[in-house]
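Subject: Structure for your review

Dear colleague,

Please find below the sequence and structure that I am handing over to you. My findings follow directly after them.

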Amino acid sequence: MKKISLTIIVMVVLLILSNGLQAQTSGDKLDQVELMKQFTGKWKCEIAKDTSEVMEAVPYGKGFEVHYMFVGSGNIFMEGKQLWGFDSKYENFICYSLSTGGKFQYFTGKFTTDKKIYWEGKSLITPDKILSRYDYEFLSPDSFSILEGKNPVPFVYKRVK
């Protein structure tokens with residue numbers, strides 16, 4: 001009788017623990033499209049003395065149309081457009097980027113928390129190959145930082161009002 005009671009107690013405890021673990025993991029799914037809306041608007045980052053990047057993200061369906069430009073000493077020296085969209089099949093954002101100089105890039109990204117998203121630069125020929133990685137973190141509703149690759153110094157973007 002003691003053996004049966006002990007077995008039942010162990011089974012009940014395991015059942016309770018497994019239900020608790022399922023509840024924790026199933027509730028962690030982030031609303032990727034809603035979180036991406038944090039990027040709406042115009043942003044500026046001082047990259048170096050007299051050099052900045054300005055980007056503007058305009059909502060477009062489940063994504064954004066983004067225009068970016070790099071300005072140095074008052075002159076635009078590089079600019080381009082990006083399309084960011086959410087692919088519900090793969091649960092990732094896809095970004096296609098084209099600069100006015102003709103450089104074409106492809107990125108995928110995903111929020112890992114409500115404040116952090118990563119973007120990975122992919123090879124167009126071998127999409128499984130990761131060429132670069134960018135880790136974004138929203139510091140406040142009006143600022144976010146980007147860690148680029150192994151560079152330990154983040155670039156901080158501030159909302160332009």
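Two strands are taken to pair if DSSP finds at least two bridges between them. The model is a predicted one, and the remarks below should be read with that in mind.

**The barrel**

By that criterion, ten strands form a closed barrel, in the order β1-β2-β3-β4-β5-β6-β7-β8-β9-β10, and their pairing is antiparallel. From one strand to the next, the twist averages 25 degrees. As general background, the strands of a sheet pair through backbone hydrogen bonds, in either a parallel or an antiparallel manner.

One pairing may serve as an illustration. Strand β2 covers residues 51–60 and strand β3 covers residues 63–72; the two run antiparallel and are joined by ten bridges. Among the residues concerned is Tyr60, whose bridge partner in β3 is Gly63.

**The salt bridges**

Side chains of opposite charge can pair when their charged atoms come close. The criterion applied here is a side-chain nitrogen of Lys or Arg within 4 Å of a carboxyl oxygen of Asp or Glu, and the count comes to nine salt bridges. Three of these pairs are described below.

The side chains of Lys37 and Glu34 form a salt bridge, with an N to O distance of 3.1 Å. Lys37 is partly exposed, at a relative accessible area of 46%, and Glu34 is likewise partly exposed, at 44%.

Arg133 and Asp135 also meet through their side chains in a salt bridge, at 3.0 Å from N to O. Arg133 has a relative accessibility of 35% and therefore counts as partly exposed; Asp135, at 31%, counts as partly exposed too. This pair does not stand alone: Arg133 and Asp135 belong to a network of salt bridges that also links Glu120 and Lys122.

The third pair is Lys161 and Asp142, whose side chains meet in a salt bridge at 3.3 Å, N to O. Lys161 lies in the segment after β10 (155–160), while Asp142 lies in the loop between β8 (130–140) and β9 (143–148), so the salt bridge ties together parts that are 19 residues apart in sequence. Is each partner buried or exposed? Lys161 has a relative accessible area of 81%; the cut-off for exposed is over 50%, so Lys161 is exposed. Asp142, by contrast, is partly exposed, with a relative accessible area of 30%.

With kind regards

Note on methods: Residues are numbered from 1 along each chain as its sequence is written. This is a predicted model: local features need pLDDT of at least 70, side-chain atom pairs count only at pLDDT 80 or more; totals for chains, interfaces and linings use all residues. Side-chain values use heavy atoms; hydrogens and water are left out. Helices (H or I, at least four residues) and strands (E, at least two) are DSSP runs, numbered from the N terminus. Axes are lines fitted to C-alpha atoms, for helices over the stretch in contact, and angles run from 0 to 180 degrees between N-to-C directions. Buried means under 20% relative accessible area, exposed over 50%, partly exposed in between (1.4 Å probe, protein chains only).
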